[in-house]
Amino acid sequence: MSARIGVITFPGTLDDGDAARAVRYADAEAVPLWHADEDLKGVDAVVVPGGFSYGDYLRAGVIARFAPVMSSVIEAAHKGMPVLGICNGFQILCEAGLLPGAMIRNAGLHFICRDQWLRVENNDTAWTTRYDKDAEILIPMKNIDGCFVAEQATLDELEGEGRVVFRYVGGNPNGSRNDIAGIRSENGRVVGLMPHPEHAIDALTGPSDDGLGMFYSAVDAFVSA
């Protein structure tokens, strides 16, 4: 039996199709989840994909956080279900309180679209076990509200507890504190990052296939459960 990984679609989501494709590349079943439906359809993990949910009105991710599906995602995450938030999905997870901190407008106030090197700081999460610690991976990024910020006490906690999962390498593209590109929850089951692993699953169509490891890691978490 293969893992079933849900991929949420909100109004304004752009990358749900790409995320579903990445799930299939990892030999799992991609299950579409609708923002207005609380039913998670018995999935084993959830991807909150990138885009501009609800047009980023008020603040990126703040409206999506109150969508009916997110009530179920929050409940399932608290019970240990693996959840991955990508770009806008990371913003939504922060707004939902599943991850600390917030995203603000990029330093320089420009939309950034480029391939970005990341260092894997933590490979002991539901989404990173396929990577070697300190491995450097090449993942596309595309955002304007991608600057991760948090109070100093929160940053100290993230660093001290090993909860920084990915860090920018070769220069900080958006001004994120401590060069943070992605973080995890206390139990390591919820991960959010700004770059887009679903766009790096095939060297023919992306800069690398480095992103595929995140989806294989989630499948491994299901098999070992």
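Two strands are taken to pair if DSSP finds at least two bridges between them. In this predicted model, strand β1 (residues 4–9) and strand β3 (residues 45–48) are joined by three bridges and run in the parallel sense. One position can be followed by eye: Val 7 has Val 47 of β3 as its bridge partner.

**The sheet**

Both strands belong to an open sheet of nine strands with mixed pairing, in the order β2-β1-β3-β4-β11-β10-β9-β6-β7. The edges are formed by β2 (29–34) and β7 (136–143), each of which pairs on one side only. On average, neighbouring strands of the sheet are turned by 25 degrees against each other, direction ignored. Helix α3 (residues 88–95) packs on this sheet, where the helix touches β3, β4 (83–86), β10 (180–184) and β11 (190–193). The direction of α3 makes about 120 degrees with that of β4.

**Salt bridges**

Side chains of opposite charge can pair when their charged atoms come close. The whole structure contains eleven salt bridges. Three of them are listed here.

| Acidic residue | Basic residue | N to O distance |
|---|---|---|
| Glu 29 | Arg 4 | 3.4 Å |
| Asp 220 | Arg 130 | 2.6 Å |
| Glu 159 | Arg 167 | 2.9 Å |

The pair of Glu 29 and Arg 4 links distant parts of the chain, with Glu 29 in strand β2 and Arg 4 in strand β1, 25 residues apart. Glu 29 has a relative accessible area of 37% and is partly exposed. Arg 4 is also partly exposed, at 24% relative accessibility.

The salt bridge between Arg 130 and Asp 220 spans a longer stretch of sequence. Arg 130 lies in the loop between β6 (112–120) and β7, and Asp 220 in helix α5 (residues 212–224), so this pair ties together parts that are 90 residues apart in sequence. Arg 130 is partly exposed at 47% relative accessibility, and Asp 220 is partly exposed with a relative accessible area of 27%.

In the third pair, Glu 159 is partly exposed, with a relative accessible area of 31%. Arg 167 counts as buried because its relative accessibility is 12%, and the cut-off for buried is under 20%. Salt bridges that share partners join Glu 159 and Arg 167 with Arg 119 and Glu 121 into one network.

**A nonpolar patch**

Leu 14, Phe 52 and Phe 111 make a nonpolar surface patch of about 280 Å². Leu 14 sits in the loop between β1 and α1 (16–25). At 48% relative accessibility, Leu 14 counts as partly exposed.

**A buried loop residue**

Is Ala 64 buried or exposed? Ala 64 is located in the loop between β3 and α2 (68–78), and its relative accessible area is 0%, so the residue is buried. Leaving aside residues up to four places away in sequence, Ala 64 touches Phe 10, Ser 53, Tyr 54, Met 70 and Ile 92. One of these contacts, Ile 92, falls within the residue range of helix α3 (residues 88–95). His 110 is 46 residues from Ala 64 in sequence, and their C-alpha atoms are 23 Å apart in space.

Terms used. Residues numbered from 1 in each chain as written. Predicted model: local features only at pLDDT ≥ 70, side-chain atom pairs only at ≥ 80, totals over all residues. Heavy atoms only, no water. Helix = DSSP H or I, 4+ residues; strand = E, 2+ residues; numbered from the N terminus. Axes fitted to C-alpha atoms, helices over the stretch in contact; angles between N-to-C directions. Contact = heavy atoms within 4.5 Å. Salt bridge = Lys/Arg side-chain N within 4 Å of Asp/Glu carboxyl O. Buried < 20%, exposed > 50% of the residue type's maximum accessible area, 1.4 Å probe, protein only. Patch = residues over 30% accessible without salt bridge, like charges linked within 9 Å, V, L, I, M, F, W, Y side chains within 5 Å. Areas by Shrake-Rupley, 256 points an atom, 1.4 Å probe, with all protein chains shown as cover.
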